[in-house]
Amino acid sequence: MRTLFTDPVRVLRADITKDGPYTKKRDWKNCRTVFEGHACVQPDRAFEVRSPDRETAQERLLVYLPAEADVDSADRIEYHGLTYEVDGDPLEWRHLSLQHIRIRAWRVEH
């Protein structure tokens, strides 16, 4: 049987740190890998917005991870050397033989 998970990915996670007396943020400079393995990565959508001030391009992916992968809505996905943010809560499919976790991922270029 041929596997559907053939695309190498990494799931990155960063701890929350204090950034001044009133704010907190994720420390992406010191992130760690919580999953490294193969997934099924598919294009979802790409579009550009052009204005006189700047051009913005967005790319969205659908990522199907193995059911045992550790992924959260605040994580990031590294794929082909690019970093994508997880968009929304991961959806778990725990039925029958094709158990997996589906996430939407996106990145923006300015």
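How many aromatic pairs does the structure hold? The count is 0. Keep in mind that this is a predicted model, and take the close-ups below in that spirit.

**View 1. Arg-76 sits over the face of Trp-28.** There may be 0 aromatic pairs here, but a ring still gets a partner of another kind. Arg-76 lies 4.0 Å from the ring centre of Trp-28.

**View 2. Arg-13, Asp-70 and Asp-75 join up in a network of salt bridges.** Start with Arg-13 and Asp-70, whose closest N and O atoms are 3.1 Å apart. This pair links distant parts of the chain, with Arg-13 in strand S1 and Asp-70 in the loop between S5 and S6, 57 residues apart. Now swing over to Asp-75, which forms a salt bridge with Arg-13 as well, the closest N and O atoms being 2.8 Å apart. Asp-75 is in the loop between S5 and S6 and Arg-13 is in strand S1, so this salt bridge ties together parts 62 residues apart in sequence. Which of these residues are buried? Both Asp-75 and Arg-13 are. Arg-13 has a relative accessible area of 16%, so it falls under the 20% cut-off for buried. Asp-70 comes in at 35%, which means it counts as partly exposed.

**View 3. Glu-59 and Arg-107 make a salt bridge.** Side chains of opposite charge can pair when their charged atoms come close. Here the closest N and O atoms are 2.9 Å apart. Glu-59 belongs to strand S5 and Arg-107 to strand S9, so the pair ties together parts that are 48 residues apart in sequence. Glu-59 is partly exposed because its relative accessible area is 24%, while Arg-107, at 17%, counts as buried. If you want to go hunting for others, a search of the whole structure turns up 10 salt bridges.

**View 4. The largest nonpolar core has 17 residues.** Nonpolar side chains in soluble globular proteins tend to be buried together. In this core, the residues that touch the most other members are Val-9, Val-63, Leu-65 and Ile-103. At least two core residues come from each of S1, S4 (32-50), S5 (55-66), S6 (76-79), S7 (82-86) and S9 (100-109). Zoom in on Ile-103 and, leaving aside neighbours within four places in sequence, you'll find contacts with Leu-61, Leu-62, Val-63, Leu-65, Val-71, Ile-77, Val-86 and Pro-90.

**View 5. Asp-7 reaches the backbone of Val-41.** Asp-7 lies in strand S1, which spans residues 7-13. Is Asp-7 buried or exposed? Its relative accessibility is 17%, so Asp-7 counts as buried. The Asp-7 side chain comes to 2.8 Å from the backbone nitrogen of Val-41. Neighbours within four places in sequence aside, Asp-7 is in contact with Gly-37, His-38, Ala-39, Cys-40, Val-41 and Tyr-79.

**View 6. Leu-4 sits in the segment before S1.** With 54% relative accessibility, Leu-4 counts as exposed. What does Leu-4 touch, not counting residues up to four places away in sequence? Look for Ala-39, Cys-40 and Leu-98. For a sense of how the chain comes back around, take Leu-4 and Gln-99: they are 95 residues apart in sequence and 11 Å apart in space, C-alpha to C-alpha.

Note on methods. Residues are numbered from 1 along each chain as its sequence is written. This is a predicted model: local features need pLDDT of at least 70, side-chain atom pairs count only at pLDDT 80 or more; totals for chains, interfaces and linings use all residues. Side-chain values use heavy atoms; hydrogens and water are left out. Helices (H or I, at least four residues) and strands (E, at least two) are DSSP runs, numbered from the N terminus. Buried means under 20% relative accessible area, exposed over 50%, partly exposed in between (1.4 Å probe, protein chains only). A polar contact is a pair of N or O atoms within 3.5 Å; within protein, one must be able to donate a hydrogen and the other to accept it, and residues adjacent in sequence count only if both atoms are side-chain atoms. Contact means heavy atoms within 4.5 Å. A nonpolar core is a set of buried Ala, Val, Leu, Ile, Met, Phe, Trp, Tyr and Cys residues joined through side-chain atoms within 4.5 Å. Rings of Phe, Tyr and Trp (its six-membered ring) pair if their centres lie within 6.5 Å; planes under 30 degrees apart count as stacked, over 60 as edge-to-face and the rest as tilted. A charge sits over a ring if NZ of Lys or CZ of Arg is within 6 Å of the ring centre and within 35 degrees of the ring normal. A salt bridge is a side-chain nitrogen of Lys or Arg within 4 Å of a carboxyl oxygen of Asp or Glu.
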